[in-house]
Amino acid sequence: MSDKVRILVVGLGNMGASHASAYHRNDGFEIVGIMSRSIKSKPVPAELEGYPLFEDYETALTETRPDAVSINSWPNTHADYALKAIEAGCHVFMEKPIATTIEDAEKVVAAARAKNRKLVLGYILRVHPSWVKFIEMGRTLGKPLVMRLNLNQQSSGPAWHWHKNLIDSLIPIVDCGVHYVDVMCQLTGARPLRVHGIGAKLWQEAAQQNYGHLHVTFDDGSVGWYEAGWGPMMSEIAYFVKDVIGPEGAVSIVAGQTESAKQGEELSDSADIDRHTKTDAIKIHYAKVDADKNFAKPDEIFSMEDEPGHQELCDREQAYFLKAIREDLDLTESMAAAVNSLRIVLAAEQSIREKRAIELG
């Protein structure tokens, strides 16, 4: 392999464009092609003009002969594209989820191990300083933990179309839920035992349920819930809840409500991609009381105003991907975590379908 990692970028939507920008500006990568099934009928971002464009994946893979493939397409293509890339000898960066079934997820991981190829998943919260701090502080609260997480998004303008298209592949608690149940698993370090889900279809134009709520019970007694909904009817009241509670107190991510969603703008505040990861502060509450049963210590606020934005987080993910390739990092834990988080959210979908709690064993 040359000094630069020759990379084929697949998908040029929100995440694909951000990752392509990261490769474009990182001296360790060389973009050898960009593939999207509709790429020749839509404008390409100015900084990406001049790269070879493809509308067929197999053709792009054969003609560019890359060292690595970045897969940022619809979720129902992920496993197939990844398996073909690994078979061609490529390392793979893949946006979440790793697949749409556990069987396919395990096939992708097994193929990466068999071919000794690096497989890095786009779990963006794992490179986010505030989320790393949130998990670190949550682990100091004792056991069991109660974890409350959500991300509801209104759909209008461009978000109307990409939310609707995403639902064709996966319901929201599956597509986005892998991030947040991964956070729960990191917080507890425990084994998930049982999953229960509820859902509703509020959006006539969407192919599947656009609202869902899942509940997870862990073997250390911890419990957690995650809620996600997309659609033009979703409320922006309490759409961003990131909270963990333990015997010693509570830690919360506090994100301010921006005033970007003014009348006439295309994106609602909740659908703004920066709101997915935006963190203004972390608040810690201490449960200990004094002899008079008053709190012994005041709450503390840790300002996170200088946090990286969405593009910088994508830059960090790709810097890690490059490091994994060049330094032959052991990715066993992160690959297993990706399969585990998918197992939990798919169990929630099964629970909704079968109207019963699912035992994970």
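## Val127 and its contacts

Outside the four places on either side of it in sequence, Val127 is in contact with Leu313, Arg316 and Glu317. Contact means heavy atoms within 4.5 Å. Val127 sits in the loop that runs between β6 (119-122) and α5. Helices (H or I, at least four residues) and strands (E, at least two) are DSSP runs, numbered from the N terminus. From Val127 to Val146 the separation is 19 residues in sequence and 23 Å in space, C-alpha to C-alpha.

The model is predicted: local features need pLDDT of at least 70, side-chain atom pairs count only at pLDDT 80 or more, and totals for chains, interfaces and linings use all residues. Residues are numbered from 1 along each chain as its sequence is written, and side-chain values use heavy atoms, with hydrogens and water left out.

## The parallel sheet

One open sheet has 6 strands in the order β3-β2-β1-β4-β5-β6, with parallel pairing. Its edge strands are β3 (53-54) and β6, and each pairs on one side only. Two strands pair if DSSP finds at least two bridges between them. Strand β5 (residues 91-95) and β6 meet this with 4 bridges, in the parallel sense. Within β6, Val120 stands opposite Phe93.

Helix α2 lies across β1 (5-10), β2 (29-35), β3 and β4 (68-71). Its angle to β1 is about 170°. Axes are lines fitted to C-alpha atoms, for helices over the stretch in contact, and angles run from 0 to 180 degrees between N-to-C directions.

## The mixed sheet

A second open sheet has 9 strands. The order is β14-β13-β12-β11-β7-β10-β9-β8-β15, and the pairing is mixed. β14 (300-303) and β15 (358-359) stand at the edges with a single partner strand each, so one side of each has no neighbour in the sheet. At one of these edges, β15 pairs with strand β8 (residues 192-200) over 2 bridges, in the antiparallel sense. Ile358 in β15 stands opposite Val195.

β8 also pairs with β9, antiparallel, over 8 bridges. There Ala200 stands opposite Tyr211 in β9. β9 in turn joins β10 through 7 bridges, again antiparallel, and Leu214 stands opposite Tyr226 in β10. β9 and β10 form a hairpin with 4 residues between them. In the turn, Gly221 has a positive phi of about 90°. Strand β9 (residues 211-218) is mostly covered, with 6 of its 8 residues buried. Buried means under 20% relative accessible area, exposed over 50%, and partly exposed in between (1.4 Å probe, protein chains only).

Two helices lie across this sheet. Helix α5 (residues 129-138) crosses β11 (240-246), β12 (249-254), β13 (281-286) and β14, at about 170° to β12. Helix α6 (residues 158-169) crosses β7 and β10 (223-231), at about 125° to β7.

## A nonpolar surface patch

Val146, Val223 and Ile245 form a nonpolar patch on the surface, with about 180 Å² of accessible area together. Patches are made of residues with over 30% relative accessible area and no salt bridge; like charges are joined within 9 Å, nonpolar side chains (Val, Leu, Ile, Met, Phe, Trp, Tyr) within 5 Å. Areas come from the Shrake-Rupley method with a 1.4 Å probe; for residues, only the protein chains shown count as cover. Val146 belongs to strand β7 (residues 146-154). Val146 is partly exposed, at 34% relative accessible area.

## Salt bridges

The whole structure holds 19 salt bridges. A salt bridge is a side-chain nitrogen of Lys or Arg within 4 Å of a carboxyl oxygen of Asp or Glu. One of the 19 joins Asp315 and Arg25 at 2.7 Å, N to O. Asp315 lies in helix α9 (residues 310-326) and Arg25 in helix α1 (residues 14-25), so the pair ties together parts 290 residues apart in sequence. Both side chains are partly exposed: Asp315 has a relative accessible area of 23%, Arg25 of 41%.

Glu58 and Lys84 meet at 2.4 Å, N to O. Glu58 is in helix α2 (residues 57-64) and Lys84 in helix α3 (residues 78-87), 26 residues apart. Glu58 is partly exposed at 34%, as is Lys84 at 30%.

Glu359 and Arg194 also form a salt bridge, with the closest N and O atoms 2.9 Å apart. This pair links strand β15 to strand β8 across 165 residues of sequence. Arg194 is partly exposed, at 32% relative accessibility. Elsewhere, salt bridges that share partners join Glu58, Asp80 and Lys84 into one network.
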